[in-house]
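Grab a coffee and open the viewer: here are a few short exercises on helix packing and salt bridges. Try each one before reading its solution.

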Amino acid sequence: MKTEQLMIGRIPAVLYGDPADAVYLFLHGQMGCKEEAGAFARTACPRGFQVLSIDLPGHGARQDRAEELTPWAAVPDIRQAADWALDRWQSLSLRANSIGAYFAGLSIPDPAKALLVSPVLDMERLIRSMMQWAGVTEELLQEQGEIHTSFGQTLSWRYLCWVREHPVSRWDCPIHILYANRDNMTSRATVEAYARRSHAQLTVVNGEHWFHTPEQLAALQNWEERVT
């Protein structure tokens, strides 16, 4: 499969596949990188797509830039990549993981199609859940600004306020969601409510937020082959 490393401004990117009229923009999740798109490209490219994937702030080739994965940093990069793609392809679809799906909802008005894996669909609810896990009140978070938790996440008052002030886009395109029944980041009720509102096709499999076991990866591949 043809693979090209490139830069979109200052954003490291990789492009998979032979020239085509349509492209998928792949967005990884936390702790991910642009090369994760390679597995999806093996499904999408034979179906007449190319796959464009970028490193989000602080990830992949950007780990040495002292960047953080925040919406105010990620959204301009995703918009830049999407605009760059729309100048070169007739159709732009989305394949996004976890927080990448949340960032996409802030960045891309209406893709041709959206394939979302373990998507974060209600960031404010997730932050409030993490605050409960850590025993942190809004008053304490506002007072301290940032609070580091025992489970590795940093709670941020600025982040919470930003989320409340910036709602995600409502897409009218076909949406397909792959969700694991033991996902601790997005509740079953949240994903089902989102699916109803957006008329999304929801597929629920056995697993956790991060698809990593051979069985989970096989389920992911089967789903991609069915919905791409």
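**Exercise 1: a charged pair**

Work out whether Arg164 is buried, exposed or partly exposed, then see what its side chain pairs with.

Solution. Keep in mind that this is a predicted model.
- Step one: Arg164 has 35% relative accessibility, so it counts as partly exposed.
- Step two: its side chain meets that of Glu138 in a salt bridge, 2.6 Å from N to O.
- Step three: Arg164 sits in helix α6 and Glu138 in helix α5, 26 residues apart, so the pair links distant parts of the chain.
- Step four: Glu138, at 28% relative accessibility, is partly exposed too.

**Exercise 2: two helices crossing**

Decide how α2 and α6 are oriented, and find which residues make the contact.

Solution.
- Step one: the axes of α2 (residues 71-86) and α6 (residues 157-165) come within 11 Å and cross at roughly 50°.
- Step two: angles from 65 to 115 degrees would be roughly perpendicular and those under 35 roughly parallel, so α2 is oblique to α6.
- Step three: α2 brings Pro71, Trp72 and Val75, while α6 brings Arg158, Tyr159 and Trp162.
- Step four: sort those residues and you get five nonpolar, one charged and no polar.

**Exercise 3: a buried salt bridge**

Check whether the partners Glu224 and Arg95 are buried or exposed, and what they tie together.

Solution.
- Step one: their closest N and O atoms are 3.0 Å apart, forming a salt bridge.
- Step two: Glu224 lies in helix α8 and Arg95 in strand β5, so the pair ties together parts 129 residues apart in sequence.
- Step three: buried means under 20% relative accessible area; Glu224 has 4% and Arg95 has 2%, so Glu224 is buried and so is Arg95.

Note on methods. Residues are numbered from 1 along each chain as its sequence is written. This is a predicted model: local features need pLDDT of at least 70, side-chain atom pairs count only at pLDDT 80 or more; totals for chains, interfaces and linings use all residues. Side-chain values use heavy atoms; hydrogens and water are left out. Axes are lines fitted to C-alpha atoms, for helices over the stretch in contact, and angles run from 0 to 180 degrees between N-to-C directions. Helices (H or I, at least four residues) and strands (E, at least two) are DSSP runs, numbered from the N terminus. Angles under 35 degrees count as roughly parallel, over 145 as roughly antiparallel, 65 to 115 as roughly perpendicular and the rest as oblique. Contact means heavy atoms within 4.5 Å. Ala, Val, Leu, Ile, Met, Phe, Trp, Tyr, Cys and Pro count as nonpolar, Asp, Glu, Lys and Arg as charged, and the others, Gly among them, as polar. A salt bridge is a side-chain nitrogen of Lys or Arg within 4 Å of a carboxyl oxygen of Asp or Glu. Buried means under 20% relative accessible area, exposed over 50%, partly exposed in between (1.4 Å probe, protein chains only).
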